[in-house]
Amino acid sequence: MRETIKRGNGYAVMENGEAVAEITYQPLGSESLVIDHTFVSEALRGQKVGEELVRAVVDQARDEKKTVVPACSYAHALFKRHKEYHDIWRHEEE
């Protein structure tokens, strides 16, 4: 059975007691979350598991009235493709 759980500064997809996908974030001050890492096992790729994890962080940020900095390449690509994330996307100064 597969389940998604909150784990520290992130979320993990657990299967048979083992993390098979994960996303981590770090707080940026009191107003933002920085997504710094996503991982999805080969067996789960193509099943939108990574998208589910990004959505979990986005939902948390919205609940906490925070913005998100998608620092990892996967999260950044999703933010570019999904307009529904643009309201909480914090663009970092280059």
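Which residue of β5 does Leu33 stand opposite? The partner is Val68. This model is predicted. The report starts from that pair and works outward.

## Leu33 and its strand

Leu33 is found in strand β4. That strand covers residues 32-40. Leu33 has a relative accessibility of 2%. It counts as buried because that value is under the 20% limit.

The contacts of Leu33 reach into several parts of the chain. Leaving out residues up to four places away in sequence, Leu33 touches Tyr25, Gln26 and Pro27. It also touches Val57, Gln60 and Ala61. Lys66, Thr67, Val68 and Val69 complete the list. One further distance links Leu33 to a remote point in the sequence. Leu33 and Arg90 are 57 residues apart along the chain. In space, their C-alpha atoms are 9.1 Å apart.

## Two partners for β4

Strand β4 pairs with β3, and the two run antiparallel. Eight bridges join them. Within this pairing, Gln26 has Val34 of β4 as its bridge partner. The strands β3 and β4 form a hairpin with three residues between them. Gly29 in this hairpin takes a positive phi near 65°.

Strand β4 also pairs with β5, this time in the parallel sense. Strand β5 covers residues 67-70, and the pairing has four bridges. Leu33 stands opposite Val68 here. Ile35 stands opposite Pro70. In a regular strand, side chains alternate between the two faces of the sheet.

## The helix between β4 and β5

Helix α1 spans residues 49-63. Together, β4, α1 and β5 make a β-α-β unit. The unit is right-handed.

## Gln60, a polar residue inside

Where does Gln60 sit? Its place is in helix α1. Is Gln60 buried or exposed? Gln60 is buried, because its relative accessible area is 11% and the limit is 20%.

The side chain of Gln60 has polar partners. One polar contact, of 2.7 Å, joins it to the side chain of Tyr11. Another, of 2.9 Å, joins it to the side chain of Tyr25. Setting aside neighbours within four places in sequence, Gln60 is in contact with Lys6, Tyr11, Tyr25 and Leu33. Leu33 in β4 thus appears again, now from the side of the helix. Two members of that list also meet each other: Lys6 lies over the face of Tyr11, at 5.3 Å from the ring centre.

## The aromatic cluster

How many aromatic pairs are there? The count comes to two. Phe79 and Tyr85 form a tilted pair. Their ring centres are 5.0 Å apart, with 40° between the planes. Phe79 and Trp89 form an edge-to-face pair. Here the centres are 5.7 Å apart and the planes stand at 80°. This pair links distant parts of the chain, with Phe79 in helix α2 (residues 73-81) and Trp89 in the segment after α2. The two residues are ten residues apart.

Phe79, Tyr85 and Trp89 form one aromatic cluster. Why does each ring residue count as buried? Buried means under 20% relative accessible area. Phe79 is buried because its relative accessibility is 0%. Tyr85 is buried because its value is 2%. Trp89 is buried because its value is 14%.

## Positive phi in two exposed loops

Asn16 is found in the loop between β2 (10-15) and β3 (18-28). Its phi is near 55°, a positive value in a residue other than glycine. Asn16 counts as exposed, because its relative accessibility is 72% and the limit is 50%.

Lys65 is found in the loop between α1 and β5. Its phi is positive too, at about 55°, although Lys65 is not a glycine. Lys65 is exposed, with a relative accessible area of 74%.

Terms used:
Residues are numbered from 1 along each chain as its sequence is written. This is a predicted model: local features need pLDDT of at least 70, side-chain atom pairs count only at pLDDT 80 or more; totals for chains, interfaces and linings use all residues. Side-chain values use heavy atoms; hydrogens and water are left out. Buried means under 20% relative accessible area, exposed over 50%, partly exposed in between (1.4 Å probe, protein chains only). A polar contact is a pair of N or O atoms within 3.5 Å; within protein, one must be able to donate a hydrogen and the other to accept it, and residues adjacent in sequence count only if both atoms are side-chain atoms. Contact means heavy atoms within 4.5 Å. Two strands pair if DSSP finds at least two bridges between them. A crossover is right-handed if, with the strands pointing away from the viewer, the path from the first strand over the helix to the second runs clockwise. Rings of Phe, Tyr and Trp (its six-membered ring) pair if their centres lie within 6.5 Å; planes under 30 degrees apart count as stacked, over 60 as edge-to-face and the rest as tilted. A charge sits over a ring if NZ of Lys or CZ of Arg is within 6 Å of the ring centre and within 35 degrees of the ring normal.
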